[in-house]
Amino acid sequence: MKNWSRKAFWVLVAMQLVGIAVALFLETGMGSDSIGLLCDGIHQATGMLFGNASLLYNLAVIVLALVVARKNMGLGTVVYALTSGYFIDLYCWLLAPLQLASLGFTARFALFAVGQCCLSLALALLIQLELGMNALDALLYWLQAATGLSYAGLRTAVDVSYVAVGTLLGGTFGIGTVCSVLLTGTMVSWLTHRISVGAAVSTEKQS
C-alpha cells in the first residue's frame, strides 16, 4: 500500500509537470510540443476548450492502445488521459496575467527549455512508475518491440506527423515545436535510463 501511494504521488507530480510544460509552450508563443500542437489545432478548429480537445485526443489513442498494447497500460494511462488537458488549462490560466509572449526571445526560449525538461521528465516518470504509460508511449513501446526500431526514432516520426496535422488545423507552430520534435524522444529515453539507474542504486543502498 505504501509503495502504491508513493507511485500515485509521482503520477500526480507528472501531471503537474505536463501542465506546466505545455502551458509554458503555449503562453510564450514559442510553439507547443507535437501533442500540444495537435490538441491546440483541434481547439482552434472546433472552439472547444484545450482540456476537452486533449481529452478527445487521449481517449482516441487509448482505444487504439487497448487493441494492441494493453499490457503497457494501467492507472497512470487513465489518469493522464482524464486530467492532463485540464492541468494545462489551469496553468495557462495562472500564467496568462504574466503575458509571457511579450518577453524577449531569450527569456521566452529559456522558459520553453524549462517546459521541455518538465515534459520529458513527466513522460519518463510515467514509463518508470509502471502504473501505465501515457497511451502514445504504450503504442510506441509496443511498436519498438514489434519492429526493433528505436523509441526515439518512432517518437520523432509521430511528432512530425502530429505537427503537420496540428498546424493545418490552426495550432501555433514555432521554433519551440521544431526543438521539441527533435529532442523529446531522445530526452525521454535518456531520463528513463537515468531514473532506472538511480532507482537501482537506491535499492542497493537500502539492502
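**Close-up 1. Gly47 comes right after helix H2.** In this predicted model, H2 is followed by Gly47, and the phi of this glycine is positive, near 85°. Now look at the other end of the helix: Asp33 caps the N-terminal end of H2. One of the side-chain oxygens of Asp33 sits 3.4 Å from the backbone nitrogen of Ile35.

**Close-up 2. Helix H2 passes a simple length check.** H2 covers residues 34–46, which makes 13 residues. Count 1.5 Å a residue, remembering that the expected span uses one less than the number of residues, and you get an expected 18 Å. The C-alpha atoms at the two ends of H2 are 18 Å apart, so the model agrees with the expectation. As for burial, Ser34, Ile35, Gly36, Leu37, Leu38, Cys39, Asp40, Gly41 and Ile42 of H2 are buried.

**Close-up 3. Phe25 and Phe112 pair up across two helices.** There are six aromatic pairs in the structure. In one of them, the ring centres of Phe25 and Phe112 lie 5.0 Å apart with the planes at 40°, so this pair counts as tilted. Phe25 belongs to helix H1 (residues 2–28) and Phe112 to helix H5 (residues 105–129), so the pair ties together parts that are 87 residues apart in sequence. Are these two residues buried or exposed? Both Phe25 and Phe112 are buried.

**Close-up 4. Phe109 and Phe112 make a pair within helix H5.** Their ring centres are 5.8 Å apart and their planes meet at 40°, so this pair is tilted. Phe109 and Phe112 are three residues apart in H5, which means about one helical turn separates them. Phe112 has a relative accessible area of 2%, so it is buried. Phe109, at 30% relative accessibility, counts as partly exposed because its value falls between the 20% and 50% cut-offs. Zoom out a little and you'll find one aromatic cluster formed by Phe25, Phe105, Phe109 and Phe112.

**Close-up 5. Helix H6 has buried residues with other helices covering them.** H6 runs over residues 135–147. Its 13 residues, at 1.5 Å a residue, should span 18 Å, and its end C-alpha atoms are 18 Å apart, so that agrees. Which residues of H6 are buried? They are Ala135, Leu136, Asp137, Ala138, Leu139 and Leu140. What covers them includes H2, helix H3 (50–68), helix H4 (75–95), H5 and helix H7 (151–168). Just past the end of H6 comes Gly148, with a positive phi of about 80°.

Terms used:
Residues numbered from 1 in each chain as written. Predicted model: local features only at pLDDT ≥ 70, side-chain atom pairs only at ≥ 80, totals over all residues. Heavy atoms only, no water. Helix = DSSP H or I, 4+ residues; strand = E, 2+ residues; numbered from the N terminus. Buried < 20%, exposed > 50% of the residue type's maximum accessible area, 1.4 Å probe, protein only. Polar contact = N/O pair within 3.5 Å; in protein donor to acceptor, adjacent residues only side chain to side chain. Phe/Tyr/Trp six-rings, centres within 6.5 Å; stacked < 30°, edge-to-face > 60°. Contact = heavy atoms within 4.5 Å.
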